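This note sets out points for a colleague who is meeting the structure for the first time. Please read it with the sequence and the model at hand.

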Amino acid sequence: MSTTRHNWTQEEILEIYNKPMMELLYEAATVHRQHHDPNTVQVSTLLSIKTGGCPEDCGYCPQAARYHTDLENNDLMSVQQVKAQALRAKASGSSRVCMGAAWRNVKDGQEFDDVLEMVRTINKLDMEVCCTLGMITENQAQRLAEAGLYAYNHNLDSSEEYYKEVISTRGFEDRLETIANVRKTNVTVCSGGIIGMGEKVEDRAGMLVALATLDPQPESVPINALVAVEGTPLEEQQTIPIWDMIRMVATTRIVMPQTQVRLSAGRTEMSQEGQTMCFFAGANSIFAGDKLLTTPNPDVHQDMELFKLLGVTPQKPFVKKAQPETVEASDSQYQALGEKPKWSRPGHSIERNEKARLKKN
Ligand code: SF4
């Protein structure tokens with residue numbers, strides 16, 4: 001059985017990534033079978049609970065307020081709306097709801113209190129709850145944990161070097177700090193990135209080094225293929241070949257044997273055969289629902305058809321880790337501290353981000 005290592009180097013990871021395809025697939029599938037049931041895939045539903053108007057400048061994101069996309073902004077959803085969506089997701093086979101809010105970081109106050117109530121509500125539906133809300137402090141992570149949060153998503157996006165070419169409003173170290181804050185609780189970590197943003201293969205390996213050398217490694221690693229949205233700085237990037245996605249998934253599987261490798265954005269561009277190769281290479285999680293925050297995603301019926309064809313069944317909730325308990329707000333040990341942490345703001349200039357900001361619709 002392969003063991004989990006935390007001392008991977010970029011050279012070692014590149015060597016794996018560049019193996020002849022048949023060897024890479026065989027090795028990844030072997031590791032996959034040692035640690036997971038190959039006929040089970042976890043299904044998550046991603047819900048955008050607050051859409052658009054984000055102050056950050058992530059070059060791939062249509063939710064950044066500074067770019068000129070056709071996105072409709074929406075304020076924070078109500079707890080009842082979220083509950084209704086979660087029930088729908090559960091009925092269609094999802095075991096996890098991931099709630100995304102277009103915030104730079106979490107601020108204590110009514111909106112965060114509402115999110116905590118959403119977490120309590122979904123955990124009581126016996127579904128895994130994940131949040132992706134931007135940077136958080138240790139106290140905020142503790143409050144989420146108390147509410148019954150199962151996972152916190154905070155992607156590294158790319159290598160530390162290439163991160164600077166995509167985002168100028170926060171630093172790579174802020175990402176690591178938020179992940180470290182989550183690690184001080186019993187909430188699991190979901191962190192991955194995006195390929196197809198114009199990065200080199202070395203950057204893909206660099207991102208995997210950053211993730212695989214975390215100890216413990218993230219329990220979940222989403223691998224996204226860029227969906228180039230008109231009006232964003234990366235609008236002209238070509239869709240990456242499916243082979244890049246398969247290599248990335250297989251390499252992730254080999255260097256992080258126990259993690260759930262999540263086939264995320266970009267699935268609409270992939271054939272059923274391409275997705276099947278990704279499952280064979282070790283992907284064992286997908287996002288369901290016709291939208292991934294704001295970009296298109298295959299319809300859940302299409303996914304279930306593919307599962308049927310492959311003899312794959314959706315993973316039940318809490319098979320990897322026990323369901324957390326929910327502490328009611330009135331019994332909470334952790335209160336809002338009104339912290340104002342100094343997250344970094346490097347503010348260097350990224351030419352294509354500036355160009356997209358200045359471009360009119
Ligand atoms: S990726 Fe997140 S932080 Fe970046 S602009 Fe989009 S919503 Fe904001």
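**Notes on the predicted model**

1. *Status and overall form.* The model under review is predicted. Its chain contains twelve helices and twelve strands. Along the principal axes, the C-alpha atoms occupy a box of roughly 55 × 45 × 40 Å. The radius of gyration is 19 Å, which agrees with the value near 21 Å for a compact globule of 361 residues.

2. *Burial and contacts.* Of the 361 residues in the chain, 49% are buried. Among contacts with a separation of 6 or more, 82% join residues that are 24 or more positions apart.

3. *The largest nonpolar core.* In soluble globular proteins, nonpolar side chains tend to be buried together. Here the largest nonpolar core has 97 residues, and the members that touch the most others are Val 119, Leu 144, Leu 149, Tyr 152 and Val 249. Leaving aside residues up to four places away in sequence, Val 249 touches Ile 223, Val 261, Leu 263, Cys 278, Ala 281, Gly 282 and Ala 283.

4. *Helix α10.* Which residues of helix α10 (residues 272–280) are buried? They are Gln 275, Met 277, Cys 278 and Phe 279. The elements covering these buried residues include β1 (40–50), α9 (242–255), β8 (260–263), β9 (283–288) and α11 (300–310). After α10 comes Gly 282, with a positive phi near 120°.

5. *Strand β7.* In strand β7 (residues 220–225), six of the six residues are buried, so the strand is largely enclosed by the rest of the structure. In a regular strand the side chains alternate between the two faces of the sheet. One side of β7 carries Ser 220, Pro 222 and Asn 224, the other carries Val 221, Ile 223 and Ala 225, and all are buried. Strand β6 (residues 193–195) pairs with β7 in the parallel sense, over three bridges. Within this part of the model, Gly 193 has Ile 223 of β7 as its bridge partner. Ile 223 is also among the residues that Val 249 touches.

6. *Strand β3.* Five of the five residues of strand β3 (residues 128–132) are buried, and the strand is therefore largely enclosed by the rest of the structure. Glu 128, Cys 130 and Thr 132 point one way, Val 129 and Cys 131 point the other way, and all are buried. The pairing of β3 with strand β2 (residues 96–101) is parallel and runs over five bridges. Val 97 has its bridge partner in β3 at Val 129.

7. *The surroundings of the ligand.* The residues around the ligand are Cys 54, Glu 56, Cys 58, Cys 61, Gln 63, Ala 64, Ala 102 and Gly 134. Sorted by class, this shell has five nonpolar, two polar and one charged residues.

8. *Two residues with distant partners in sequence.* Leu 46 belongs to strand β1. Leu 46 counts as buried because 24 other C-beta atoms lie within 10 Å. From C-alpha to C-alpha, Leu 46 is 8.5 Å from Arg 96, although 50 residues separate the two in sequence. Is His 301, in helix α11, buried or exposed? His 301 has 11 C-beta neighbours inside 10 Å and so counts as exposed. Its C-alpha atom is 8.5 Å from that of Ser 92, and the two residues are 209 apart in sequence.

9. *Backbone points to inspect.* Most residues other than glycine have a negative phi, and most peptide bonds are trans. Three places in the loops merit a look in this respect.
   - The peptide bond joining Asp 215 and Pro 216 is cis, with omega about 5°. Pro 216 sits in the loop between α8 (201–212) and β7.
   - Asp 157 is not a glycine, yet its phi is positive at about 70°. Asp 157 lies in the loop between β4 (151–153) and α6 (160–163), and it counts as buried because it has 22 C-beta neighbours inside 10 Å.
   - Phe 318, likewise a residue other than glycine, has a positive phi near 65°. The loop that holds Phe 318 runs between β12 (313–314) and α12 (351–358). Phe 318 has 15 C-beta neighbours inside 10 Å and therefore counts as partly exposed.

Conventions
Residues are numbered from 1 along each chain as its sequence is written. This is a predicted model: local features need pLDDT of at least 70, side-chain atom pairs count only at pLDDT 80 or more; totals for chains, interfaces and linings use all residues. A residue is near a molecule or strand if its C-beta atom, placed from the backbone, lies within 6 Å of it. Ala, Val, Leu, Ile, Met, Phe, Trp, Tyr, Cys and Pro count as nonpolar, Asp, Glu, Lys and Arg as charged, and the others, Gly among them, as polar. A nonpolar core is a set of buried Ala, Val, Leu, Ile, Met, Phe, Trp, Tyr and Cys residues joined through C-beta atoms within 7 Å. A residue is buried if 20 or more other C-beta atoms lie within 10 Å of its own, exposed if 12 or fewer, and partly exposed in between; C-beta atoms are placed from the backbone. Two residues are in contact if their C-beta atoms, placed from the backbone, lie within 7 Å. Helices (H or I, at least four residues) and strands (E, at least two) are DSSP runs, numbered from the N terminus. The radius of gyration is taken over C-alpha atoms; the globule rule is 2.2 Å times the number of residues to the power 0.38. Two strands pair if DSSP finds at least two bridges between them.
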